[in-house]
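Open the model in your viewer and keep the selection panel at hand. The tour goes from one contact surface to another.

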Amino acid sequence: MCVPRPLPTCYSLGLGRDKLEASHLKIMKPNRDVGIVGYGAYVPRYRLRGTEISRMWEGEQGCTPPIKEKAVPGLDEDVATMSLEAARNALKRTAIDPSRIRAVWVGSESHPYAVKPTSTIVAEAIGAVPHTLAADWQFACKAGTEAMQAALGFVGSGMADYALALGMDTAQGRPRDALEYTAGAGGAAFLVGPAEESVAVLEGSTSYVTDTADFWRRQHEHYPAHAGRFTGEPGYFRHVIAAASEIMAALGRKPADYAHVIFHQPNTKFPRKAGRELGFKSEQLEAGLLVNDIGNTYAGAAMIGLTGVLDVAEPGERVLMVSFGSGAGSDAFDLRVTDAITARRACALSTRDYVVRRHEIDYATYARHRGKIRME
Amino acid sequence: MEIARHWRLQRHRYSLVGEVCNHCGVKIFPARDVCPECNAPAKTPYTFSGKGEVYSYSTVHHPPEGFEHFAPYVVALVRLVEGPLVAAQLTDVEGEKIEIGMPVEMVTRKLRDDGSKGTIVYGYKFRPVIAGGAAVVAKDAAV
Ligand SMILES: [Zn+2]
């Protein structure tokens, strides 16, 4: 006779598991010390001012835009070309042979192809092929930091000496939607390698992820949809604050221990509010807060903020970076800047060099650049 | 067919990879396997620095098929610092005054985009050299 066996209670799914104490949290840090060996940024040259968008939709008496201006890609730019320039900048800050790079991972929500990787284009152009992994990552705005965590683990395991992780986007906002003011273009590349060669060493990383539909885009839709105000509290703040508090608790740090903190920056308001709630001073956010000048660069946003910080950071300083991707989750990284930064950062264009290179365009030119005018 | 031709050329197109003559040291672009100076076989790959200057230029208002999307655009002959003369588009030049002798640098951009169904062809173009050394936000400037 068949007697049903009781399910062992230890396998019951989920119950109580989100209540894990921070002290039980396993901080992600490989046994082999790893860090960022090279870093590079890219921002396209074109700028659309917020007042030009409000003039378009609301006339001269339009509302005050949420940011000053956003970066817009040129007609011949996409996530592949932009990733490539950031990757070349990262390589200029190292002396390594690109054929030793064992992974090229590009995080984005605006890959040029639906099927065909961006990463193979980048890998081929920098000379990392053929003995390399190449893949495109997706997780809204945290696709790039997720690729970074994987690269840190990949090098940390000893399977690779070097891995390249990128976060890059040419974000699209539906005309007249609130996101049109902020959806920018840009991002960064990080070459991950052994700690001895690093400009910033990883002290630990963590992730905080839940199923939260605050922002999405279906397969054949051109523009993303979002849940309006819902994106704030249950989306951004819940995940960013949890990831930041947990990593600080687990590593025994307080906000004052960091010289710089970078949060995902969909606008200027969200990162400033998250910083205040966590106990950071506004000066700690300054070097890594670029959204007012380039817009929200989505998968690139926190990462290009980190390049801005590495351009000015002093050896020995601690840096906290916390990304956010809708859907939703946050990745947090605790980094310590090394002596190598001083000589290495001058080897490529600084993030600031790209920010100040600007050519202002009007709404009509913007519409052409972003394919909002269809000729057939 | 087209895709195969683009694939064969992509290494030299993405990154200005040419050749160097081991006999007389001349740098060759595009690759042709024979030195134009001394006729010696030259098959050693050489990656150019991408730095050069505008030798001559012209604006294209009536583009050939496949390039309509980018018109008007500027094509130039660029003298690479290593010697060879390369024909390519200039990019990021709207609002810039283009001059003979203007320093330029190689970037990889979209050359063709065959609509929403075809492939995208990437390759070298040249842009005005970006000035480095922009004042970074000093750490205590924000205080
Ligand atoms: Zn020769």
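What follows is a walk through a predicted model, with a selection to make at each stop.

**Stop 1: two domains in chain A**

Select residues 34–199 and 350–369 of chain A and give them one colour; the domain assignment calls this domain 1. Give 200–343 of chain A a second colour for domain 2. Place a marker at the C-alpha centre of each domain: the two centres lie 16 Å apart.

**Stop 2: where the domains touch**

Now select the residues in contact across the domain boundary. Domain 1 of chain A supplies 57 residues and domain 2 of chain A supplies 53. Together the two domains of chain A bury about 4000 Å². Carbon and sulfur atoms account for 63% of that area.

Which elements of domain 1 of chain A give two or more residues to the side that touches domain 2? Among strands, select β1 (34–42), β3 (69–72), β6 (162–170) and β7 (185–194) of chain A. Then add the helices α4 (143–156) and α11 (351–356) of chain A. Colour this side of domain 1 of chain A by class: 28 residues are nonpolar, 17 polar and 12 charged.

Next, turn on the polar links. Between domain 1 and domain 2 of chain A there are 22 residue pairs in polar contact, both partners at pLDDT 80 or more. The salt-bridge count between these domains of chain A is three. For a salt bridge to zoom in on, show the side chains of Arg93(A) and Asp311(A), with N to O at 3.8 Å.

**Stop 3: chain A against chain B**

Bring chain B back into view. Select the contact residues: 33 from chain A and 36 from chain B. The two chains bury about 2900 Å² between them. Of this area, 53% is on carbon and sulfur atoms.

How many salt bridges cross the interface of chain A and chain B? The count is seven. Show Arg45(A) and Glu94(B) for a salt bridge between the chains; their closest N and O atoms are 3.3 Å apart. Polar contacts across the interface of chain A and chain B join 23 residue pairs, with both residues at pLDDT 80 or more.

Finish on the chain A side of this interface. Select α2 (79–92), α3 (118–126), α7 (282–286) and α11 of chain A, the elements that give two or more residues to it. Helix α2(A) has the largest share, five residues. Colour the side of chain A that touches chain B by class: 14 residues are nonpolar, four polar and 15 charged.

Technical notes:
Residues are numbered from 1 along each chain as its sequence is written. Chains are lettered from A and ligands numbered from 1 in the order in which they are written. This is a predicted model: local features need pLDDT of at least 70, side-chain atom pairs count only at pLDDT 80 or more; totals for chains, interfaces and linings use all residues. Side-chain values use heavy atoms; hydrogens and water are left out. Domain bounds come from an automatic or database domain assignment. Contact means heavy atoms within 4.5 Å. Buried area is the accessible area (1.4 Å probe) that two parts lose on being put together, summed over both. A salt bridge is a side-chain nitrogen of Lys or Arg within 4 Å of a carboxyl oxygen of Asp or Glu. A polar contact is a pair of N or O atoms within 3.5 Å; within protein, one must be able to donate a hydrogen and the other to accept it, and residues adjacent in sequence count only if both atoms are side-chain atoms. Helices (H or I, at least four residues) and strands (E, at least two) are DSSP runs, numbered from the N terminus. Ala, Val, Leu, Ile, Met, Phe, Trp, Tyr, Cys and Pro count as nonpolar, Asp, Glu, Lys and Arg as charged, and the others, Gly among them, as polar.
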